[in-house]
Amino acid sequence: MAGITLRAVRKSFGEVAVVHGVDLEIADREFVVFVGPSGCGKSTLLRMIAGLEDITSGEISIDGRVVNELDPKDRDVAMVFQDYALYPHMTVYENMAFSMRYRGVAKDEIRRRVGHAAKILDIESLVARMPRQLSGGQRQRVAMGRAIVRDPKVFLFDEPLSNLDAKLRVQMRTEIKRLRERVATTTIYVTHDQVEAMTLADRIVILNHGRIEQIGTPEEVYDTPATVFVAGFIGAPPMNLLPQQDVLMGVRPEHLVWHSGSEAPFLSGRATVVEPLGSDTLVSLDVAGTQVIARLPPKLVRRAGEEVALAADPANIHYFDRTTGNRR
Amino acid sequence: MRRAPSWPRHAIMIAVSVLMLIPFYWVLKTSLTGENIYAYPPRIVPVDPHLYNYVDVWYLIPFPRYLLNSLIVTAMAICGNLLFNTAAGYALTKQFPGRRWIVLLLLSCMLIPFQATIIPAYLITAQLGVLNTHLGIALPLLSTIICIFIFKASFESVPRSLIDAARVDGLGEWRIVVRILLPLSKSAVATNVILTFIWSWNAFMWPLIVTRSPEMQTLPLGLARFLSVLEDTTGALYAFVVLVLVPGLAIFLMAQKEFIRGLTSGATKG
Amino acid sequence: MARASGSTWFHRKQTRELALVGCFLLPALTIFFLYRILPLGWNVWLSFNSWSPLKGAKWVGIDNYQEMLFDDDVFWDAFANTLIFIGCSPIAIALAFAIALLVNSDLKGAAVYRTIVFLSYPLMTVAVGIIWRWLYDERGGFINYVLRSSGIVDQPVKFLQSFDWALACVIAAEFWQVLGFYMIILLTGLQSIPQHLYEAARVDGVPPYARLLRITLPLLRPSIFLCIVVGILNSFTSFDLVYVMTNGGPGHATELLITYIYKAGFGQTRFDYAAALTIVQFFLLVVLTVIANKLSGGNAGSLER
Amino acid sequence: MSRWRFLGHRFVAVPLALVILIGGWNIYIAFNDDGRIRGEVRDGTGAPVPGATVIFFERNFINYQEMKRTVTDASGAYRFDGMQVHVGQLEARTADGRLSARRQLRLWFRAQNVEMAPLVLEAPRG
C-alpha cells in the first residue's frame, strides 16, 4: 500500500510538450481519477507513472521511493489497458498467473491467488478459456483479475471501460466500485467520461492541455469548479455560461427552476428545443443570443417556441474571470 | 447473366497440370523400374516395379553421410535464421537514430544476388578458416533479409498494449520477444522456417565451392557427384532424386499457404 | 538537481536501448556485411588487379576487362547466352499470366491446379536438372519417346549434346521450374485488383478484351515488373541447372556468365578475371532492372507515388 | 488434455510420425542384422541334397563375383553368417555337375537375416 507523489512532472516529445509540470499528491488507498478530453495528457501521465514512458523532467515517487529510473517491473504497479491487452495465446489462468511466474512466486501460491481473484471477480468458470472465447465484459474482468492477483502497490486503469457498450459500461462501473470495497489499493484511473469520474473517484484530477485544472472530490469539482473548463467539463448537460461584462456567469441546468415569484426572473427566453427525458425535461432557451439549457420538471414546457422564465438560487451561481477563466 | 461454360478452362488446366506433372511421374517411374531403364520403347508403367533402387542408393553412395550433412547445415541455417532474424526484426520495430539507413541498407543488400559474390565470399570464408566445415556452408544462409522484414511486419502488427502489459508484468526485452511476440507471429515463424529449409536444403553452388572433401558434401552435391561418377546408368540415381525431392515437396504441401505468403510478401516488399 | 540526475539517467537509458538494438542487429548485419557488401567491394578491387591466392596483388587497371572484351570469345558466348536466357523469360511470364487468369476465375478446383503448377518451384534445382536430363535422354527419355512414337522423328535427338537444342532445352527446364512462381506472383497481383473496377467496367459496357488490356494489365504492372526482375535474377541462380544438365556444353553452347565465372574462378583459379566477369554481370543486372523499371512506368510499376 | 493437443498439429504430427517410423525401423534392423542367409537345396523331386556347394555372388557394379561358398549339411540346409551385403546372387551345385538356377537376392538393408526359398537342382544337361 502506498502513496504516490508527482513533482513538477513534464513530458515532451521532441519540441512538443504534452505534460507541463504536474504536481500531485495521492494518498495511500486513495482512488484518483484523471479525467479530461482526449489529448489532454492524462494517458501519458499514467504511462509515466507506470514506467512505460520516460519522464522528461520532474520526479515521481511511489511509496516514498523515487521511481524515475526504475523499469515498470520494478515499480510494483499493475495496469489495466483500454484494449485489455490479454495475451491471446494464453488461457485466462495463464494470463493471470503470467506475471507471477517471473517474480518467483511459488506454484501453489500462484494457484491460490488466481483462484482468489477469480472468485472475487466471479470468473472462476472461465479460467481454462482462451481470451478470444470471452465476451467484452468477461475480458474486462480478466484484465482486472490480472491486476489484482499481483497484489501491487498501485493499480493503474487506462480507460478500461471505453471499449464496452453503454449498458455493460454502467454495470462494470458498479463492479469496479464493489471491487474497490474489497481490494483497497491505491488506484489511478484514467477516463474521458466525467460520469465515470464522478461515480468512482475519491478525488478527481481534471486535466486540460497537459495541465491540472482542478483537483478535488467529486462534490468539490461539481459544486465549486475552479475554472471555466472544469465547469464546462463536469456535469451533463454542461454548465450554462452567460457572459456579463468582464465575467462569465455559470449556472448548472439543474439549478435553474421555474420562475413563479413576482420579482424579475433570473433569465427568460424562448424555448428552441424541448427534450423530454421522462423524469425531467431538457429545455434549450435562447437568452439574448446565448444558448442556455435548463433541466426542468416534466410537462412544464411542452413545445419549442414557448416563452420561459427561470429563477436560480444565488448560491448556485458561479462567476469566472473572462480572460483567465479562473473562478472569482 | 450468360456464363461461359467452364469445361474449356478445365480442359486447358488439366492439360497444363499433366504437362507439369510428367517430369515427376517419369522420374518416379524410372526409380521403380526393375531392370534396364534404357529399354526402348520405355513403358509408361514401370516394369516389375520394386523399391530396391532406394536400398541401393543408401549403400551405393554415402547417402547417410550426405543426408546428415544436409540436415546439419539446414538445422544450423534454420536456428540462425530464427535467432538473428527475430532479433533484427525486433530491433527494427524500435525507434533509434540511423534506423532509416539500416532499412535502406538491408533493402539494397537484397538486390545483390548471392551468386554475384561467390569469389570474395569464398576468400572471406577461407580467411575465417571455416572452409570445408558445416559452419562454412551454413554461414551465408544464417540470416535472410526478406525474413527480417517478415518478422518486422508481424511484430508491428502485435498491439502495443500487449508489449506494455508484458513490461508491467515484469518481462525483459528478450522475454517479450520469446514469450509474447513469437507465439503471436506463428505464421512468420513458419514462413521463415520453410523458406530457410528450402533454400539451404537446395543450395548447390555455395556448398560446391566451400566443400573440398566428400565427407562434407550435402545431398545436392552428392547428387551431382553420383551423376559424374556413376553416370546415369542405374535407376538408383532416380531413386536418389526422389528421396531428395520428397522432404521439400512434403514441406511445401504441408505449408503451402505460409510458403506462398512468405514468398509473395517477401518478394513484393523487396 | 532532480532534473540533472534525470537527464543523465535518461541518457543512460538511451544508450542501454541503443546497445540493445545494436546487439540485436549485429549478427544479421555482420552476415550481410561479410557476404553481400564486402564481396561487392572486393570484387571491384579484384577486377582491377592481377591476383591469385599464391601471388600478391598487382594493380593492372582495366587489363582484365580488356581481355574479356577483346580477346575472349567464351565471354561473348556466355554474354549472349545470358541475354537469350533473360530474353526468354517474358515467354514464361506470358504463359504464367494465362494460367493465372484461368486459375483466378471461379473455376472449381482452382486451388488444386494452382498447387500442381507451383509444385515444381520449391524443388532442388540439381534434382530438376537430373530430371530433365533424363526426359531429354535419347534412350529412356520421355520426349524422344513421344517424338519417335508419334513419328515426328525416326532417329532419337540428342537434345543436350546438340548445339542447336541445348540452350533451348535448358531454358525449357528452367521455365518448368519457375512457371509456378511467376503464376503465384501474378495471381497475388490479380487478387489485389478490386473487383468493383470490373463490375464498373461491365456496367459501362467495356468488352472483355478491353477489360484485360485497360484494367488488368495496367494494375498488374508491379507484379509483372517483379516477375521480370526475378527472370533477370534467374540468370544468376540457374547455375545449378546448367551445371548438372550440360555444364556449359556442348562447346560453350549453354555457357552462362555465372557458369563461366565459376569455371574461371574455381576451375582455372583466375579469381581476378572471375571478379571482373562478376562485375560485368552485376552491371548487366542493374542496367536491365533499370530498363525494366523504366518500361513499367518507373517506381517498380506502382501507380502510387 | 489441451496441453497435448499441439501433438495433433500437422507440423508436429508429421515429423513425429517420421521419427517414430525411423526409430522403429532402426530397432527392427538392430535385431535382424546378423547377416544370416539360410535355405535348403533340393533336387528335382523335392528331396534335400546334402553336401551340395552353395555359392554367394556379390554385386560389383555391373557384374557379379563370387564372394563366399558353403556346403549343405545332412538335411540339405545351408547357412551363411555375417554377410554384409544387401544384394547378390545364390547358386547351388554338386560334385556330379548338377546346377541350380542363379537366385537373385535383394534385401531391404545390409546384413538382413533371410530365409531363402529352396534352391532346386536340375539334372546336368547333356
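How many residues of domain 1 of chain B are in contact with domain 2 of chain B, and how many does domain 2 bring? Let's hold on to that for a second, because I should say that what you see above is a predicted model.

Okay, chain B to begin with. The domain assignment splits chain B into domain 1, residues 1–50, and domain 2, residues 51–263. Take the C-alpha centres of these two domains in chain B, and they sit 32 Å apart. Back to the opening question: 10 residues of domain 1 of chain B touch 13 residues of domain 2 of chain B.

What about area? Domain 1 and domain 2 of chain B bury about 890 Å² between them, and 69% of that is from carbon and sulfur atoms. On the domain 1 side, have a look at V27(B), S31(B) and H50(B): these lose the most area to domain 2 of chain B, and together they make up 51% of what that side buries.

Now, which classes of residue does domain 1 of chain B put against domain 2 of chain B? Six are nonpolar, four are polar, and none are charged. As for salt bridges between these two domains of chain B, the count is zero. There are polar contacts, though: three residue pairs between domain 1 and domain 2 of chain B, with both residues at pLDDT 80 or more.

Right, on to the place where two chains meet, chain D and chain B. Each chain brings 11 residues to this contact. The buried area between chain D and chain B is about 1200 Å², with 64% of it on carbon and sulfur atoms. Which three residues of chain D supply the most of its buried area against chain B? F11(D), R106(D) and W108(D), which give 50% of the area chain D buries there, more than any other three residues.

Keep your eye on R106(D), since that name comes back. The interface of chain D and chain B has one salt bridge. That is where the side chain of R106(D) meets the side chain of D56(B), at 2.5 Å from N to O. For polar contacts, chain D and chain B have four residue pairs, both residues at pLDDT 80 or more.

Where on chain D does the touching side come from? Helix α1 of chain D, residues 10–31, gives the largest share, three residues. And by class, the side of chain D that touches chain B has six nonpolar residues, one polar and four charged.

Notes:
Residues are numbered from 1 along each chain as its sequence is written. Chains are lettered from A and ligands numbered from 1 in the order in which they are written. This is a predicted model: local features need pLDDT of at least 70, side-chain atom pairs count only at pLDDT 80 or more; totals for chains, interfaces and linings use all residues. Side-chain values use heavy atoms; hydrogens and water are left out. Contact means heavy atoms within 4.5 Å. Buried area is the accessible area (1.4 Å probe) that two parts lose on being put together, summed over both. A salt bridge is a side-chain nitrogen of Lys or Arg within 4 Å of a carboxyl oxygen of Asp or Glu. A polar contact is a pair of N or O atoms within 3.5 Å; within protein, one must be able to donate a hydrogen and the other to accept it, and residues adjacent in sequence count only if both atoms are side-chain atoms. Helices (H or I, at least four residues) and strands (E, at least two) are DSSP runs, numbered from the N terminus. Ala, Val, Leu, Ile, Met, Phe, Trp, Tyr, Cys and Pro count as nonpolar, Asp, Glu, Lys and Arg as charged, and the others, Gly among them, as polar. Domain bounds come from an automatic or database domain assignment.
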